[in-house]
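Work through the exercises below with the sequence and the structure side by side, and try each task before reading its solution.

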Amino acid sequence: MNDTGAAGSPPGRDEAAFPVQHAGRCGDLAELDAQLVRCRACPRLVEWREEVAAHPRAAFRGQEYWARPVPGCGPSDAALAIVGLAPAAHGGNRTGRMFTGDASGDFLFAALHAVGLASRPTATHRGDGLELYGVRVTAPVHCAPPDNRPTPAERRTCRPWLSAELELLSPGLRTVVVLGAFGWQALLPVLGDAGWPLPRPRPAFGHGVQLTLPATGRRRELQVLGSYHPSQRNTFTGRLTFDMLVDLLSRAAGLAGLEPPGG
Ligand code: SF4
């Protein structure tokens, strides 16, 4: 593969066209993830993910940060996808797995475990033995952004990766849970690109909001559920309680046809 980006050759991995040129050509999720982690298409995010790694928090000093795009995690035949916005600087950007190693992930994986969708209630590093059952956790932006806020241009540049991931998941995918309003704004255009018809006007985000995207010749019906993001701002203030998230994930699991706990 040519990474030079010279005229007539495929774009280099530090060019904005790299995702659109590579994501759609991947035949399975393993190949997609392997291409994704090479991506350097967003200069600001590449600089930030590496800058953070060069200055670890005191608690993580001595650890080698991942400092690359963070792939989705979970099985390739997942019926339920959980979509955040982007990895956290000292969470996924450190451990290399979505929602792993930060407080939001602690809350999310404990809830997934309570619903029977995860093998353990904690996620600390890539080799911790965590297994997800029927669930894939991913994001529309795969590199940690400053202040957890990717720009609209960065969201657009990264979109082909999630579009391709949804394409590969689509034969079995039945439900998507979106964490937070920013994730909602970022995901809906991806679903539109991926072939699901979106209602107009687009429904506003809210916790528990459910959107049914009808089947087309190419796509089966998809249920989209909004959830408050399990950020500390939401969990410390009680805006999102553990029981609220467990209830919502149970509902999503039911819509996805996944086995209930103990089922
Ligand atoms: S955010 Fe997405 S498109 Fe931008 S560098 Fe990271 S993986 Fe590539």
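The exercises that follow go from the whole chain to one helix and then to the ligand.

Residues are numbered from 1 along each chain as its sequence is written. The model is predicted, so local features need pLDDT of at least 70 and side-chain atom pairs count only at pLDDT 80 or more, while totals for chains, interfaces and linings use all residues.

**Exercise 1. Confidence**

Task: Find where pLDDT stays under 50.

Solution: Begin with pLDDT itself, which is the predictor's confidence in each residue, from 0 to 100. The mean for the chain is 92, and 94% of its residues reach 70 or more. The stretch under 50 is residues 1-7, for which the model has ten contacts beyond four places in sequence, a contact being two residues whose C-beta atoms, placed from the backbone, lie within 7 Å. Where pLDDT is low, the predicted coordinates should not be read in detail.

**Exercise 2. The whole chain**

Task: Compare the radius of gyration of the chain with that of a compact globule.

Solution: The radius is taken over C-alpha atoms, and the globule rule is 2.2 Å times the number of residues to the power 0.38. For 263 residues this rule gives a value near 18 Å, and because the chain has 18 Å, the two agree. Next, count the elements, which are DSSP runs numbered from the N terminus (helices H or I, at least four residues; strands E, at least two): the chain has nine helices and five strands.

**Exercise 3. Helix α5**

Task: Check the span of helix α5, and decide whether α5 is mostly covered or uncovered.

Solution: The expected span of a helix is 1.5 Å times one less than its number of residues, so the 13 residues of α5 (residues 103-115) should span 18 Å, which agrees with end C-alpha atoms 19 Å apart. Then turn to burial, where a residue is buried if 20 or more other C-beta atoms, placed from the backbone, lie within 10 Å of its own. Ten of the 13 residues of α5 are buried, and the helix is mostly covered; among them are F107, L108 and F109. What covers these buried residues includes β2 (135-138), α8 (232-236) and α9 (242-255).

**Exercise 4. The ligand**

Task: Name the helix that gives the most to the shell around the ligand.

Solution: A residue is near a molecule if its C-beta atom, placed from the backbone, lies within 6 Å of it. Of the 16 residues around the ligand, C39, C42, P69, C143 and C158 come nearest. Both α3 (43-54) and α6 (152-169) supply at least two residues of the shell, but α6 gives the most, with four.

Terms used. Buried ≥ 20, exposed ≤ 12 C-beta atoms within 10 Å, placed from the backbone.
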